[in-house]
Every structure is written in structure tokens, then in C-alpha cells.
Amino acid sequence: MIDIEIDSSSGFCFGVINAIKQAETELKSGDALSSLGPIVHNEEEVKRLSDLGLHSIDYEGLQGKSGGRVLFRAHGEPPSVYREAKERGIEIIDATCPVVLKLQKRIRKTYEETRDEDAQIVIFGKQGHAEVNGLVGQTEGNAIVLQSPEQAATMLELDKPIYLFSQTTMSREAYRQLIEYIEAHLKEGGSLTHYDTICRLVSNRIPDIVAFAKSKDWIYFIAGRNSSNGRVLYESALKANPHTHFISSAAEITGRLPEWVEHVGICGATSTPLWQMQEVKQRLEELHSEK
């Protein structure tokens, strides 16, 4: 029998735990509840909550809604969405992560204080990501979103003031590289002010994931395909152990592992529930049970 261990540092972060607890509490009231977008970037957990009565709507669905209750997930929303909901008589169940909420306020304050500087508010993040949309909304849509030094070279005016923030779930190393690039390429009249806005609950998991991956022969990393922090953590595990495999459900494991594998690790993103990692462990135990 192979040894199978679930990484004790993996699983939901505080923001996701809080959002899911709020959803479960509100659903117990019996009144209909919708989530504006999937509550978490994990298809299996979304299905579990859907079975309890939480149904996801998109922004078009919100615009066609009148009354009722809508949960705003941990990623946060721009001010325009709050206005839209209130105008339509919708009760908002606000589950925005406190870390994201603090960042939203910080960006809005900086934007308002620098309007006279002809400054650029820049967000290091994934274009179109729900959290990033909420951050850009704090600047009335004027923030510049980029993901790499190459994009900075073409998208930024390096002879003007730049105020740089990061999406909370991005890689600290990649953020550092972007800062170094901008600092090295500033032109006369340009300046850079950057803020440490990456969530420690995500970034602090990287050393743990790396150590865990190195200690095993084989790793299954579980996350939703659209999970931003899942991609960051998976890539860290993969660098530490080339036998790291990304899956989104236990059903993706269809056969026994190679004979040389003795120690298997199971880990996941901040959007991966413990029950899903336990399902993967159970699946492996079934496949490797002595016949």
C-alpha cells in the first residue's frame, strides 16, 4: 500500500471560508439566494453549494433582476455594481474578503489623491479576473492592468508618476521582477511608488507547498481551472517536484501510479476544499488496495 498524505497547509483561505459560511447561513433561511458569479473558482464546490440552493448569475442576470438577494463573493465588486444592485432593490449579502476590501479602499484613496499629478494607477494582475475588475472600478475604470515587464514596456508612460498595486493572489517573485523592471526603465519625470498588497495567506503557502512537494515521489495538486492562486501554487509545486499533476476532481485519476511511487502528496489552492482532497485520497486508496 502506498503512503498518501494530504498537505495540512492546503485548503480554503479565510476569505473563501467566510464567503461560503455566509452563503450557507443565508441559505438556511429558506429565501432564494443567488451568487454574482461562481462563489469560488472550484467547480466541485460550486456544485455542492448549488445543490443546497445557491445559484450563480452573471452581470447581465443582475441587470435583469428586480428585488431578491444576491451574494457578492470574496473577490469583491466595483462601486458601479453596488449602485446597480441598490437601484434594482436587491439585498446585497456582502462577502468581500477583508484583505480585498482594504486594497480597494487603498486604491480608491490613491486615485483620488493623485488626479492632479497626471499619474498612472497600475494593477499587477490578471485582466478580466473578478478581483481585478473590482480594483479597476475604484479608479472609474482608469487603472492600467498588466502581468509582465514586457507589457509594462508598451503600456506605461515611464516619464510620469506610477502607483503600482498587485492583485492579492499574484506571485511575489513576479511582482518583484515587475518592480525592478519599472525602476530600471524610468525616464526623466517618471517615478514609481509601489505597495505590498499580495495576501500573505497565499504567498506564505508557497514555501510550505514547495517543502511538501519535495518530500514526496508524486503530487496531485487540486484546483479549479480558473483559480488564479491555484495556478501560482501549482507552478511552485511543479518546480519543486516534476511529478506534480494538476487535477480538478478525483474522477480524473483513472489508473494506478507507477510501481516506483511510494509516497504520494495531495495539496491544493486556497479555493480547494478539504473534502475534495479527501476524495482524491480515497480514490487512490481504492485504486491501490490489495486485490
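**Aromatic contacts in the predicted model**

In this predicted model, the charged end of Arg 231 sits over the ring of Phe 246. The distance from the ring centre is 4.8 Å.

Contacts between rings were examined next. A pair of aromatic rings is described by the distance of the centres and the angle of the planes. The structure holds 8 aromatic pairs. One pair is formed by Phe 165 and Tyr 195, whose ring centres lie 4.4 Å apart. Their planes meet at 5°, under the 30 degrees set for stacking, so the pair is stacked. Distant parts of the chain are linked by this pair. Phe 165 belongs to strand E8 (residues 161-166). Tyr 195 lies in the loop between strand E9 (191-194) and helix H9 (200-203). The two residues are 30 residues apart. Phe 165 has 0% relative accessibility and therefore counts as buried. Tyr 195, at 16% relative accessibility, also counts as buried, because the cut-off is under 20%.

A tilted pair is formed by Phe 221 and Tyr 234. Here the centres are 6.0 Å apart, with 55° between the planes. Phe 221 lies in strand E10 (residues 218-222), and Tyr 234 in helix H11 (residues 228-240). The pair therefore ties together parts that are 13 residues apart in sequence. Both Phe 221 and Tyr 234 are buried.

Aromatic residues also occur as a group. Trp 218, Tyr 220 and Trp 260 form one aromatic cluster.

Definitions and conventions: Residues are numbered from 1 along each chain as its sequence is written. This is a predicted model: local features need pLDDT of at least 70, side-chain atom pairs count only at pLDDT 80 or more; totals for chains, interfaces and linings use all residues. Side-chain values use heavy atoms; hydrogens and water are left out. Rings of Phe, Tyr and Trp (its six-membered ring) pair if their centres lie within 6.5 Å; planes under 30 degrees apart count as stacked, over 60 as edge-to-face and the rest as tilted. Helices (H or I, at least four residues) and strands (E, at least two) are DSSP runs, numbered from the N terminus. Buried means under 20% relative accessible area, exposed over 50%, partly exposed in between (1.4 Å probe, protein chains only). A charge sits over a ring if NZ of Lys or CZ of Arg is within 6 Å of the ring centre and within 35 degrees of the ring normal.
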